Each structure stands twice: as structure tokens, then as C-alpha cells.
Amino acid sequence: MNEGRCVKCGSCLRVCPVLNDLSGSPFPGPRTVGVDAPRFLERESVGHNALRCTMCHACEWACPSGITLTRSMLKLRSGMSGERLPGHRRMLENISSFGRSVNTEFSGWIEKGNRTLYFPGCIGLGRSADLTRTVSSLLTSLGIEHDISSQVLCCGSPLLKIGATEVAEDLRRRNTEALSRYDRVITSCPGCTYQLREFYGIEAEHVIEVLKGLDLRSKLEGRWALQIPCHLRRGLSPWAAEDLIIILENAGVDIVRMPQEDSCCGGGGGMLSGFPETSGSIARHKVDMYRRAEVDGVITACPFCSLNLGREGLKVLDITEAITLNK
Amino acid sequence: MNRVLVVGKGAAGTFSSWLLANKGWEVILVGRGTPSTAMSTGCLRSQPNVCRSEIMEFLNNEMMPWTYGSREGMSKIGTSYRCWMSPPHSTWKEGEAPKSVAVVGLEGHPSLQARVASATLNARGIRAESLILPSSVPSDVPLAASLFSDESWETLADELQRQSAEAILLPAMVALEDYHQLDILELRSGRRVLEAITPLSAPGQRLGDIMRSKAAGSGVTIWDGRKVTALDVRDGEVRGATVAGGQEVRDILIDAVIIATGGPLVDGLALKERNISDPFGMFQVVRSNDGLRGGYDSSNGMLIASDGHPMNNVAGAGDCLSSERREYGSGLTEALEGAYLAVQALEGS
């Protein structure tokens, strides 16, 4: 890896959402875990601290030396021994029971042999089933006939985040056949999109890429802030994150831009299941900030952001819930 | 079409972008990572010889006014710092040093080493005592004013009122949008409030924020977190560039380029003897045993290609250029002046 390039400037510390959440976690910070631990062979002493990162990539963006801190931390996670966190054990149990990272009781499967697959991801098949229905009918209104396949399991992204590399690999093997039936895969979760591209070599599209350039309008009233998903902006493509804003503005939504709109909600990297108190604390601070700005709610494009900010009582909409096709 | 690509979002990159946008160019500014401008002390040590008024206009910001002239301040270890341009709470006019200072440190936090600073100040003939306040901020977490509530600012003002010292030296921690807190603290405490000169901290961040917002305000398109991976060169001219961000890669057409990729950072020039590898493999690189002088070779602002000829539409600015005369502490001013010259070179080409 490239940890040896560290110039000890501390830019990563300044932007880390976990480190700067004082009420939250005893995370020693991205430099200790992502740079020093792998270099100085202190892997053993890092322990669970390697799991206290939301994988938001903010440290990587801030690093002047181009160190891939997130990748370093992922590698540490995959080599971790010792007992798993209770939330991560539950995730593994869910995978062996349902093939998905959360308990899903989805009933809206569409299995008509369409050549396009809508891949809602585990959250979309569980707690955010309403969102899945919204995305599905939006795709239909755009003339994109699609399946939602019960045969397709978790993409494996959350498993990589908790260091269960073999389980993620096993899921990829089990998904290969079901995915091979489709020419086009559309997702509504940036984490799934990233995983499908990086791990499966499938050119999956996030729904933002489908909506880009279309004639859309919005019925939303009031002032709306943004929660720009980490894995959209710093994972998939910063241009796609800019498209999120352009789509909403063109649809006539009154968007309030805020400097912290692209900072992590706290919901990523296995933190929501592993360290729910820290996830909650980061989300609460973000929600307080949105409330101080007196916005009516927040628009995002990631089910984890929706879930994590939504549970703090803020009105959170996915982009697909904010717009409709202009007919 | 007059579309220019500027590579690097530090002082040279943002200033040249701003100048070009004001002259009607369509500017795309690409950069990744924190530029060394944002790691500086946030002051200009040496006075610019060219384009002084443009620099002053570029850095002008309503949230934080500047002071100019022979200015002097105190570092976070109590040593003296001289500069030409600084934020108002960082320095005083030479000859008007405070006679007594209370140095505020935070228990267990390295942001201002109050005892060391007091000892240094006493040795310099400035009466100083340290005031160590309790703090809940862990030593790893960079100190930021945003960590404090309005209440804690009031408590601090009350605490400072009890001090007999004429001035208070605080750790550098206020972001641009919080700068007014220092004025309020000065009013409430009745003491001159000074912010310690500290690199790798809030003052450099503020300078970077001002430059960036000025560039954005003049219509520059800023492509954060993206990297120029290749330039398309034909007949001594750059025609296009490849830009990568996340998993996406885009090819764009351009009419001109300013390279302002910086100096002592690994992705700009290598740390080790500035033995740079040109990421584009097309410009002449001057190697030097003097660590401060290596870099790209240029002629009247235009970069020289590997074949020895100056490029028609590629200018360079800032710390990535080789330099014959670089002096310690002159980097920021030189970067800004160099950006001005690079823009003139492009306009004249």
C-alpha cells in the first residue's frame, strides 16, 4: 500500500466525522488506524478500532499524498481476528438465513424475465420497502420494464466492511448466475452500485445516472437541504453527486446549499450495526445542523443516509421521492 | 472557445483561475488533496512586487479583514513571527508588542503549549503567564471553534477578564465563519486577543477557504477530488485532458493549461530531493541537489517540453516550477505572483 507517503499534516484528522464527534466513539482516527497501524505492524493492538470508521473516504479526499486510507482500513478489517461485534454477528446470521444483511420481508418481487434488473439492495428489501416501490414505479413511468429478483442476494458490500471477505466472495459466486440473466442493472444504493462495479465487473447504474437529463418536476414545497452520500460523491463519481443537485434544481426544488452537506451521516462502513451509538450521535449532530438552517427536510440518494438521519426525526426523502416525470 | 484547465487548487491554481475567469475564460479547476496553502500559517510573509492590488482584491473577504505592513506575531511556542499580511488577530504593527500576555492552553491538548510559550516570551522580555483551561477535546482531535458552544465562549471571556495581562494568546482554532468570535471575545474580555501563529491549522484553512470561494464566485468550475491523469499533446499544444474521479473517467477538450500542482507534497513533487516524476511525461524537469530549487523548467511562464521547446499553451505557476531564488517563507507570495505571470503568458500566447 502507500501509507509510507504520510507527511503527518493531520488533514485527515480535521475531516474525519467519527474523530470529530466528541460524544461518540473512542476512534483513534484515520491516521493511527489507516496509516500507522499497517506501517508499524501494530495490527494486533488496533483491535475493534479498525471497525470504528464509516468508510466515508473524507480522509482520502483530504490527504495531500494520495494515501488510500479507506483501503488500508478495509485490509486491516479483513485480517482481523477475535470476537465479532454483536451487530456484525447478527448481520452474518441474516446472511446465512436470508442471504441478505438485514431481515427482509419483501413481497413486491417482479420476475417476468425482463432484461433490466432493479437491484434495491438489502435496506430497500427490508426497512425501506416503500422506497423500492417508489423507484420501481418511477422506472416503469420512464418506460424501463424491470425485474426485482428474489434470486439476487446481498451484493456483499456490508460484509467487506465488517471484514468477512470470504462471505462476500461466496455471495458474489451465488449471485453470478442470477445476475447473468440481465443486460442492465439499476440500483438506488451507491454502496451496492460501487460493489457491483468493483467486485463483479458489472456496469451497474445508480438511479441518478438514469434520471440525468430527463424532463422532471417536483411537487415539493419549502426549502430543502442535501445529504450527499459519501459513496456517491467520493466512491462512484463526484460528477454523479453534482448531477444529484442539478436534477433537483432543474425540477424546481428550492435547494439550500450547506458546507457540511457532503459530510458523512454516520451510517456507513458497518457502523450502523456495529456501533449504533456512534452512528446515532453523528446523525444527531447533522440533524441539529439542518434544523438550525430551518430547512423543511433533506434530500439524499442513499438508503443508509435516509435511514440514519430519518431515525433522528428529520424528514428525509430519496431523490426518487422528490421528483416525478414531467408529462 | 477559450477553455482553460487549471491543475492544482492551492494559491497558484485558485489565483490563476480567478484571474482567467475575470478575463472571460471558461475555467475548470481540478485538484485533489489538501493543498499546502491550507497548511500554511495563513499569512503572507513577503510583500509582493507585482500584482499587489490584484492579490489584495483576491484575498479580500468580508468575514475576515486583513492587516498589512511590517507586522509581528507570536508562534504557538512563543517565538517571533514577522510578515507583511496577516489576519488582524494574528499580529500587531511592529513596535507595538504587548508588554504582558496570558497564554491560554488546553489541558492535555497540544494546540498551544502554554508553558513552553510563556517561558519563551519571558525570555524575550514579554511578561507572560500560562492559563491552562480544562478541556474535553482529545489530543488527537484538531481543535476547532465549532467544538465550542456560545456558552463556552462566554465562560472563556469571564475567565479572561480576571487576567491582569494586557493581551491573551489563544490557540489557532477559528474557522473563517467563526472569525467574528475573536472580536466578540476582545470586546467581552477587555483584553487584546491574539491568535498564535500556527501552521497545519485553522489560519491556513481559512486562507484556502477564501481563495476557493473567490475562485468559485468568479464562475470557475471546481472539480474537487479529481485528478488529471493524462494530457493530449499534439504539435507542442495541449488539446485535451483525461480527468478521473471515483470510478469515472472523462476526456475533455481544452485550449490551454496552467499546471500548479505544488511542491513539497508527494503527489506534487516527490519529497526526496524533489526528484519529481512528471505525471504527464512531457515536460522538462530540472533536478537539483538543493531541495528548494528543483521542478518544471519554464521560459517566460510557459513550460518547456521534453523536446526542449516551450509549449504553446501550457503555463506553470507556483511551487512546481524550478526556482533560482526561492527564499525561506516566500512560497505563498511567489505562488501568487507566478500565477499572475502565468496568466499573462497565456493571454499573450
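In strand S5 of chain B, B:Lys93 is the bridge partner of B:Arg71. The structure is a predicted model, and this report follows a few of its strands and one helix.

**Strands of chain B**

The bridge just named belongs to the pairing of S3(B) with S5(B), which covers residues 91-93 and runs antiparallel to S3(B) over 3 bridges. S3(B), residues 67-74, also pairs with S4(B), residues 80-86, again in the antiparallel sense and over 6 bridges. Within that pairing, B:Arg82 of S4(B) lies opposite B:Glu72. S3(B) and S4(B) form a hairpin with 5 residues between the strands, and B:Gly78 in this hairpin has a positive phi near 90°.

**Strands and a helix of chain A**

In chain A, strand S1 (residues 116-119) pairs with strand S2 (residues 184-187) in the parallel sense. A:Val185 in S2(A) is found opposite A:Leu117. In a regular strand, side chains alternate between the two faces of the sheet. In S1(A), A:Thr116 and A:Tyr118 point one way, while A:Leu117 and A:Phe119 point the other way, and all are buried.

The strand pairings are set out below.

| Strands | Sense | Bridges |
|---|---|---|
| S3(B) and S4(B) | antiparallel | 6 bridges |
| S3(B) and S5(B) | antiparallel | 3 bridges |
| S1(A) and S2(A) | parallel | 4 bridges |

Helix H11 of chain A spans residues 190-200 and is mostly covered, with 8 of its 11 residues buried. Among the buried residues are A:Pro190, A:Cys192, A:Leu196, A:Arg197 and A:Tyr200. After H11(A) comes A:Gly201, with a positive phi near 70°.

Definitions and conventions: Residues numbered from 1 in each chain as written. Chains lettered and ligands numbered in written order. Predicted model: local features only at pLDDT ≥ 70, side-chain atom pairs only at ≥ 80, totals over all residues. Heavy atoms only, no water. Pairing = 2+ DSSP bridges. Helix = DSSP H or I, 4+ residues; strand = E, 2+ residues; numbered from the N terminus. Buried < 20%, exposed > 50% of the residue type's maximum accessible area, 1.4 Å probe, protein only.
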